[in-house]
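Q: Please take a close look at the largest nonpolar core of this protein. Which residues touch the most other members, and which elements give two or more residues to this core? Please then set the core in the context of the strands and loops of the chain.

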Amino acid sequence: MRKLFAISQQDLGDGQVTFEWNAKGSFLAAVGNKRVVNVYDRNGKLYDEIHLAPREVAAANPKQCSCLQLQWDATGDMLAVLPAGCSFMYTWSVATKDLQKLDTDFRAQELTMLAWASNSQLLAVGTVKGNLQLYHIREKRRTPSVGKHTKRVCTGAWDRNNLLAIAALDKTVGSSHEQCAPIHGLLGRVRAVSHLLARLGGLLS
């Protein structure tokens, strides 16, 4: 194992840091508390900067990371950015450096979770009120789902058949397909999303 590069506090700030490699290992996205997402190539050269809009909900801790999540799609060509304390999110393209701001149908609700589908450009986003929004990125349309949960959506995962499982702080796990309609009999499908259940221990205890 050899060191590729290092990122300094000057670049990311003096607070918490979130980072994510793309699937190809060719780009790294990193963000601290400066409300700027830096994208580096494999050699550590700064490729682009994504400047985030101000928070809509104040941070309890000034050193909190500016993003709740950074997540690349399955191809490693598009990055989803979930800013902390906001009711919107962004997608960013490696090829064009194009940044798109995505609103939801729940504009007064802070977003709390995002998850790319494993084999398509479907993006799920959960809210602090337990609602769910699906973005069909290529078709540029979105599908809302109200009342999925009664509390904050905290994590989600897709299986290979575009079935989505999401979990919330109401201590329930729900399942939907790509049209956002509920799927009954989640327990029969749990193996396909077992990695989601493994992530729930600390969140739902």
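A: In this predicted model, the largest nonpolar core holds 18 residues, and those touching the most other members are Val37, Ile50, Leu70, Trp72, Leu79 and Val81. Two or more residues of this core come from each of strand 2 (27-31), strand 3 (36-41), strand 5 (67-72), strand 6 (78-83) and strand 7 (88-93). Separate from this core is a second one of twelve residues, including Ala80, Leu82, Leu102 and Tyr135.

Trp72 merits a closer description. Leaving aside residues up to four places away in sequence, tryptophan 72 touches Glu20, Trp21, Asn22, Phe27, Ala29, Val39, Met78, Leu79, Trp92, Val94 and Trp116. Two further tryptophans besides Trp21 thus appear among its contacts, namely Trp92 and Trp116.

Strand 2 and strand 3, both contributors to the core, also belong to an open sheet of four strands, whose order is 1-2-3-4 and whose pairing is antiparallel. Strand 1 (18-21) and strand 4 (46-51) form the edges of this sheet, each pairing on one side only. On average, and with direction ignored, neighbouring strands of the sheet are turned by 15 degrees against each other. Within the sheet, five bridges link strand 2 and strand 3 in the antiparallel sense. Phenylalanine 27, one of the residues touched by Trp72, stands opposite aspartate 41 in strand 3.

The contact with Trp116 leads to another pair of strands. Strand 9 (residues 111-116) has six of its six residues buried, so it is largely enclosed by the rest of the structure. Strand 9 pairs with strand 10 (residues 122-127) in the antiparallel sense, again over five bridges. The connection between strand 9 and strand 10 is a hairpin of five residues. In this pairing, glycine 126 of strand 10 is the bridge partner of methionine 113.

Two loop residues have notable backbone angles. Lysine 97 lies in the loop between strand 7 and strand 8 (99-103), and its phi is positive, about 60 degrees, although it is not a glycine. Asparagine 162, in the loop between strand 13 (153-158) and strand 14 (164-168), likewise has a positive phi of about 60 degrees without being a glycine. Their surroundings can be set side by side: Lysine 97 is partly exposed, with a relative accessible area of 38%, whereas asparagine 162 is buried, with a relative accessible area of 10%.

The cysteines complete this account. Cysteine 65 counts as buried at 5% relative accessibility, and cysteine 154 counts as buried at 17%. The closest cysteine sulfur to that of cysteine 65 belongs to cysteine 67, at 5.7 Å, which is too far for a bond. With a cut-off of 2.5 Å between cysteine sulfur atoms, the count of disulfides is zero.

For the chain as a whole, the secondary structure comprises three helices and 15 strands. Of its 205 residues, 51% are buried. The accessible surface is about 10600 Å², and carbon and sulfur atoms account for 50% of this area. Among contacts between residues at least 6 apart in sequence, 44% join residues at least 24 apart.

Note on methods: Residues are numbered from 1 along each chain as its sequence is written. This is a predicted model: local features need pLDDT of at least 70, side-chain atom pairs count only at pLDDT 80 or more; totals for chains, interfaces and linings use all residues. Side-chain values use heavy atoms; hydrogens and water are left out. Buried means under 20% relative accessible area, exposed over 50%, partly exposed in between (1.4 Å probe, protein chains only). Contact means heavy atoms within 4.5 Å. Accessible areas come from the Shrake-Rupley method with a 1.4 Å probe; for residues, only the protein chains shown count as cover. A nonpolar core is a set of buried Ala, Val, Leu, Ile, Met, Phe, Trp, Tyr and Cys residues joined through side-chain atoms within 4.5 Å. Two strands pair if DSSP finds at least two bridges between them. Axes are lines fitted to C-alpha atoms, for helices over the stretch in contact, and angles run from 0 to 180 degrees between N-to-C directions.
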